[in-house]
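The following note sets out several points for a colleague who is beginning to read protein structures. Please keep the sequence and the model in view while going through them.

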Amino acid sequence: MWVRIGLRRIRKTNKRKYEEIFCFIGWYVVEGNMQRQGIGSQIFADIRANLKTIGIDYISLGCVKENEIAVNFWQGQGFKPTNDEKQVGRHTVVTYERKI
């Protein structure tokens with residue numbers, strides 16, 4: 001089994017002029033034969049718990065719109081799509097976000 005996770009911490013000042021600290025998940029993959037066993041959900045729960053302890057406010061990520069398995073996974077983890085979509089090659093990548 002392998003899981004790859006890439007995280008990046010981002011500071012952003014919003015319209016209300018206070019700083020929010022985002023974490024961007026850049027890569028999150030659970031090997032195909034290990035999917036649908038709760039492994040990805042448990043790892044993500046652990047990540048959220050750890051990010052909360054270091055003051056992260058939000059998590060965002062990009063997900064390929066056509067990848068129904070990934071879209072369903074992230075929506076099941078409480079992520080909501082934003083209005084940010086980008087064409088990357090032949091895929092549409094949608095930005096998803098959730099509060100910790």
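1. The lining of the largest pocket is made up of 15 nonpolar residues, 10 polar residues and 1 charged residue. The model under review is a predicted one, and the pocket should be read with that in mind. The space in this largest pocket comes to about 760 Å³. Its lining counts 26 residues, and those closest to the centre are Y28, Q35, A70, F73 and W74.

2. Which elements give two or more residues to the lining of the largest pocket? They are β2 (19-30), α1 (39-53), β3 and α2. Strand β2 provides the largest share, with 7 residues.

3. For orientation, the overall fold may be set beside the pocket. The chain holds 2 helices and 5 strands, and their order along the sequence is β-β-α-β-α-β-β. Of the 100 residues in the chain, 30% are buried. Among contacts with a separation of 6 or more, 54% join residues that are 24 or more positions apart.

4. How many salt bridges does a search of the whole structure find? The search finds 2. One of them joins E85 and K65, with 3.3 Å between the closest N and O atoms. E85 belongs to strand β4 (residues 80-88), whereas K65 sits in the loop between β3 (58-64) and α2 (68-76), so this pair ties together parts that are 20 residues apart in sequence. E85 has a relative accessible area of 43% and is therefore partly exposed, since that class lies between 20% and 50%. K65, at 45%, is partly exposed as well.

5. A salt bridge also links the side chains of D84 and K86, at 3.5 Å from N to O. D84 has a relative accessible area of 31%, which makes it partly exposed. K86 is likewise partly exposed, with a value of 48%.

6. Strand β5 deserves attention next, beginning with T92, which is placed in this strand. Is T92 buried or exposed? T92 is buried, because its relative accessible area of 12% falls under the cut-off of 20%. The side chain of T92 makes a polar contact of 3.0 Å with the side chain of Q87. Apart from neighbours within four places in sequence, T92 is in contact with C63, V64, K65, E66, E85, K86 and Q87. That list includes K65 and E85, the two partners of the salt bridge at 3.3 Å.

7. R98 is another residue of strand β5, which covers residues 91-99. Its relative accessibility is 15%, so R98 counts as buried. Where does the side chain of R98 reach a backbone oxygen? It does so at Q77, at a distance of 2.4 Å. A reader may wish to locate this pair in the model.

8. The surroundings of R98 complete the note. When neighbours within four places in sequence are left aside, R98 is in contact with F44, R48, Y58, I59, Q77, G78 and F79. G78 illustrates how sequence and space can be read together: R98 and G78 are 20 residues apart in sequence, while their C-alpha atoms are 6.4 Å apart in space. F44 and R48, also in contact with R98, fall within the range 39-53 given for α1.

Definitions and conventions
Residues numbered from 1 in each chain as written. Predicted model: local features only at pLDDT ≥ 70, side-chain atom pairs only at ≥ 80, totals over all residues. Heavy atoms only, no water. Helix = DSSP H or I, 4+ residues; strand = E, 2+ residues; numbered from the N terminus. Buried < 20%, exposed > 50% of the residue type's maximum accessible area, 1.4 Å probe, protein only. Contact = heavy atoms within 4.5 Å. Polar contact = N/O pair within 3.5 Å; in protein donor to acceptor, adjacent residues only side chain to side chain. Salt bridge = Lys/Arg side-chain N within 4 Å of Asp/Glu carboxyl O. 1 Å grid on protein atoms, 1.4 Å probe; cavity = no way out; pocket = protein on both sides within 12 Å on 5 of 7 lines; lining within 4 Å. Points joined across faces, edges and corners; volume = space filled by probe spheres on them. Nonpolar A, V, L, I, M, F, W, Y, C, P; charged D, E, K, R; others polar.
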